[in-house]
Amino acid sequence: MSDTASTRATRHTSDRPLLAAPDLLSSLVPLLAAWVPRQRWFAGKGRLITGFTLVSATELLPCTTDGSTPGLLQLLVRAQQNAPAGRTPAADCYQLLLGVHPAPPPRLAPAAIGRPSGGPLRGRTVYDALLDSRLCGLLLERLRTPGRIGALRFYREPDRDIASGLPARPIAVEQSNSSIVYGDTYILKVFRRIAPGINPDLELPRALADVNCARVPAPAAWYEADAADDGGEATTLGVLQPFLPGSADGWQLALNALAVRADFTGSARALGHATAEVHTALAETLPTTALHSPQLETIAARMAERLDATARAVPALQPYRARLRAAFDALAAVGQDGRSWAAQRIHGDLHLGQTLRSAEEGRWSLIDFEGEPARPLGERRRPQPALRDVAAMLRSFDYAARSGPSGGDPWSLEWARRTRDAYCRGYAEAGGLDPRSAPELMRAYETDKAVYEVLYEARHRPDWLSVPMAAIHRLAAGEERLEDGDGPVGVEGMERADGASRSGRGGGEAVRAPRGGGGTGSAWTAGGGGAGRGGGPAGAGQSAGASRLAPSPRLSDSPRYSGSPDSTGSTGASGATRSARADGRG
């Protein structure tokens, strides 16, 4: 296995002898090659690691040789992996925070990575620093005092007074990122798989704070890495956000309602209001655009490509391909009659596990704006129809109904239908585009999400594959129905249920060209010992210790689901309170 040091690495490191040692990375390679693939946040599972490249190294706490003090080393490394013939080998970049100690206490045994046999750390134990509350406390102190350390820059909002000495509680749940709760005040999401550019989970909440949108916790501090090249972009590495004690996780609330066969339409309608408010605020503060026929055709083509690739990987999807493609063809045809659709910044990975409801006011908040971590950062930052978020949330309601104690019995499925409809009504009432007026977009985006879920479940949770496959069967049969007032309205061929055209800035409103009449840790609660997240398939955590048929009062400690299989973390609580986001699924 090869390992090399980037020419930029020495430029980005300090002048400490440890970081200047040419064998620093090579001495760690055998340990990292065994440890990294086992981590939930490692995106390259199933492919051989062929080497590591050092991008930068920063010594946040000196790695001394005495036996009493731990050191803290921050690394950015590229994991080089093989790839099938004809494809470019992967080289994703990951952030590692390593504790270094000659003799760590027994409580840190589960965090151990190993002891290098050579190099500048020879004979000392290297371990996951984010499982050490002492080193997590050091990270908070760095965020309290803005400035540069080696390759890193730390920032704090000027109006935020972050208390010193808050007890750190690492979230020991497998997630696509890592999270730490400080007291009952803040939560820090540490991004693991990183790319140059501002992360949406920092960018969007800050933009929403500028327009006083109270539906999303505003970041208090963050840190980033310098641009690797002159003129390049800095890389967001971690975000500190308010922790919202007393808030309940939307996924767990839904499972609890299903467990006692309780109505959830009031909560869903209020959540629709909250979603529309966030979309409206994003459209007001960030650029918007319109998608015309060429752009819609491109979106539909990409959806079809994902369908074909998934069908090759999951044979159970093969019989549905032609009928599912019809949804994408219908989307591509939308612009051919002169219509266009508004596109704006959206959440990008919305599901019940990305929502929190306060205990006292019953007020919904949205968290975890990172988008789907598996998608490229540039794609996640691209304006999209706001109804993509709505479609993802509808999939999350369906997941809950099929994951609860009844396992998708007729009552649960009717619960899902009524809840989905209530969410759409609330969204329209708050100024969003009525989802029932955009059948082509809704069906295409929900189909695309279900295809994504199929691939995730087949790879990570085969026993859950039946959940998205049930949706695939329904969508392929054109059975999607949303109720409007007096009775059900079919999605296929549906015009506006109210017979009028609704404007709704925040909802990705359809923009019709003149033609004779007429657009994904976060905040969370920690409770019951788990800090995972739920909401859907892959990437959304289920309730901890709970099986699909028996929801648990605890948050899930499995990959959180957000309607999108690989989410990130949040700020809330389920059964306990969750307020700052921790990436529970991804």
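## Reading the calls in a predicted model

Student: Why does E372 count as buried?

Tutor: This is a predicted model, so the value is computed from predicted coordinates. E372 has 1% relative accessibility, and buried means under 20%. That's why E372 counts as buried.

Student: Where does E372 lie?

Tutor: E372 is in the loop between β19 (364-366) and α10 (377-380).

Student: What makes the pairing of the E372 and K449 side chains a polar contact?

Tutor: The distance is 2.8 Å, and the cut-off is N or O atoms within 3.5 Å, one able to donate a hydrogen and the other to accept it. The E372 side chain also has a polar contact with the side chain of R375, at 2.5 Å.

Student: Next, a helix. How do you know that α6 is largely enclosed by the rest of the structure?

Tutor: Helix α6 spans residues 250-259, and 8 of its 10 residues are buried, so "largely enclosed" is a fair call. Among the buried ones are W251, L253 and L258. The cover over the buried residues of α6 includes β15 (247-249), β18 (355-358), β19, α11 (387-403) and α12 (410-429).

Student: What is found at the start of α6, and what follows α6?

Tutor: At the start, a side-chain oxygen of D249 comes to within 2.8 Å of the backbone nitrogen of W251. After α6 comes R261, with a positive phi near 55°.

Student: Why are α5 and α7 called roughly perpendicular?

Tutor: The axes of α5 (residues 200-210) and α7 (residues 265-285) cross at roughly 85° and come within 9 Å. Angles of 65 to 115 degrees count as roughly perpendicular, and therefore that's the label for α5 and α7.

Student: Which residues meet there?

Tutor: From α5, L204, A207 and L208; from α7, V278, A281, L282 and T285. The residues of this contact divide into 6 nonpolar, 1 polar and no charged.

Student: On to the sheet. What makes β7 and β9 edge strands?

Tutor: The order is β7-β8-β13-β14-β11-β10-β9, an open sheet of 7 strands with antiparallel pairing. β7 (147-149) and β9 (168-170) each have a single partner strand, so one side of each has no neighbour in the sheet. On average, neighbouring strands are turned by 20° against each other, ignoring direction.

Student: How do you know that β13 and β14 pair?

Tutor: Pairing takes at least two bridges, and β13 (residues 221-225) shares 5 bridges with β14 (residues 235-242), in the antiparallel sense. E224, for example, has T236 as its bridge partner in β14.

Student: What about β10, with β9 and with β11?

Tutor: β9 and β10 have 3 antiparallel bridges, while 5 bridges join β10 to β11, also antiparallel. V181 in β10 is the bridge partner of R169, and in β11 V181 is matched with I187. The hairpin of β10 and β11 has 3 residues between the strands, and G183 takes a positive phi near 60° there.

Student: What makes β10 mostly covered?

Tutor: 5 of its 5 residues are buried. S178, I180 and Y182 point one way and S179 and V181 the other, and all are buried.

Student: Which helices lie across strands of this sheet, and at what angles?

Tutor: Helix α4 (residues 133-144) lies across strands including β7, β8 and β10, running at about 80° to β10. α5 lies across β11, β13 and β14, at about 50° to β14.

Notes:
Residues are numbered from 1 along each chain as its sequence is written. This is a predicted model: local features need pLDDT of at least 70, side-chain atom pairs count only at pLDDT 80 or more; totals for chains, interfaces and linings use all residues. Side-chain values use heavy atoms; hydrogens and water are left out. Axes are lines fitted to C-alpha atoms, for helices over the stretch in contact, and angles run from 0 to 180 degrees between N-to-C directions. Helices (H or I, at least four residues) and strands (E, at least two) are DSSP runs, numbered from the N terminus. Angles under 35 degrees count as roughly parallel, over 145 as roughly antiparallel, 65 to 115 as roughly perpendicular and the rest as oblique. Contact means heavy atoms within 4.5 Å. Ala, Val, Leu, Ile, Met, Phe, Trp, Tyr, Cys and Pro count as nonpolar, Asp, Glu, Lys and Arg as charged, and the others, Gly among them, as polar. Buried means under 20% relative accessible area, exposed over 50%, partly exposed in between (1.4 Å probe, protein chains only).
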